[in-house]
Amino acid sequence: MITAISLNPSIDRTVHVEHFTPGGLNRVLKAHSVAAGKGINVALAASALGVDAECIGFMHEEGSKLFEKRLMVNSTAYNFVWCEGAVRTNVKVFDESKNEITEINESGEPVSEAQLKQMTDLVALHAENTDYLVLSGSLPPGCPADYYRTLIETVEGLGCRCILDADGEPMRYGLESRPFMIKPNRAELERMAGRELTTLQDVRAAAMKYIDQGVAVVAVSLGADGALITDGDETLFAPKLTLELKSTVGAGDSMVAGLACGFIGDNELEEAFRMGVACASARCTTEGYRVIDKNLYREFLSRVEIERL
């Protein structure tokens, strides 16, 4: 079982324009809205690969039906701490002339101390029956920056491994509790390292710092340059596959899902990495409002190339 935590879900509103003009008039070619958020994306991707997955998190009354319908239709279990107010909306502007996305994200509704206590208890309850607990995404207003650390420490000894995919202070604090795996992208790892990482060796060196601090696996998504993973004993690199890009939204979340599915199957690092890259690639070639196609994932699985560094 993979349990993904979604503390700050969002309705992703994607609009396609022929050529995005900041400060000017932009006519929408097509648009769609979808229930999302990093934890939601991880759970849906894992379910699409045929692994038992669930999502737990905060959910606001206004907009919740979109989430419940999407999760149920895709056979993904869920359990929410219910809050008043509306689910935030994130706007993604897709420039078709450049294959480029501009994101405009809301912060979300604040949560209370009582709701945080409910969430901590809920996570502990589910952790007893899951293999991998994925903590990913931004924190809502009212949530302390060290809350991921609190959750990881709460589930210690309950038998699950924790995967952390966050940025800034939530990642910094979370690292103190030594999660099993972290999954920064290049920009996030650069902020963590405090310097530019221009080569694969730079990325590897920055990742090794966290291996030395007790993290078992560091996976780094590098966008157009591919992806890298290390467990300290070996470092692997996967060049980007040639594909027809439809959306990059949720690609990193799909990589996390693929990796977690690989680890559940007791695969070696290389095979788990292959699954993560294939899942992310399938996400990039699928319209954002659809879940990934398992047959498409299998096609990419056979195409992923792995290099040892």
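This passage looks at how the inside of the chain is packed. The model is predicted, so local features need pLDDT of at least 70 and side-chain atom pairs count only at pLDDT 80 or more, while totals for chains, interfaces and linings use all residues. Residues are numbered from 1 along each chain as its sequence is written, and side-chain values use heavy atoms, with hydrogens and water left out.

The largest nonpolar core (buried Ala, Val, Leu, Ile, Met, Phe, Trp, Tyr and Cys residues joined through side-chain atoms within 4.5 Å) has 53 residues, and Ile 2, Ile 163, Ile 229, Phe 263 and Phe 273 have the most contacts inside it. Here buried means under 20% relative accessible area, with a 1.4 Å probe and protein chains only. Helix H9 (residues 269-284) gives this core its largest share, nine residues; helices are DSSP runs of H or I, at least four residues, and strands are runs of E, at least two, numbered from the N terminus. A second, separate core has 43 residues, among them Tyr 148, Cys 162, Leu 175 and Ala 207.

Ile 229 touches (heavy atoms within 4.5 Å) residues including Val 217, Leu 236, Leu 259 and Phe 273, not counting those up to four places away in sequence.

Phe 58 sits in strand S4 (residues 53-62) and is buried, at a relative accessible area of 1%. Leaving aside neighbours within four places in sequence, the contacts of Phe 58 include Leu 7, Val 81, Val 111, Met 119 and Pro 140.

In helix H4 (residues 147-154), Tyr 147, Tyr 148, Arg 149, Leu 151 and Ile 152 are buried. The buried residues of H4 pack against strands S1 (2-6), S8 (132-136) and S9 (161-165), and against helices H3 (113-127) and H5 (168-175).

Technical notes:
Buried < 20%, exposed > 50% of the residue type's maximum accessible area, 1.4 Å probe, protein only.
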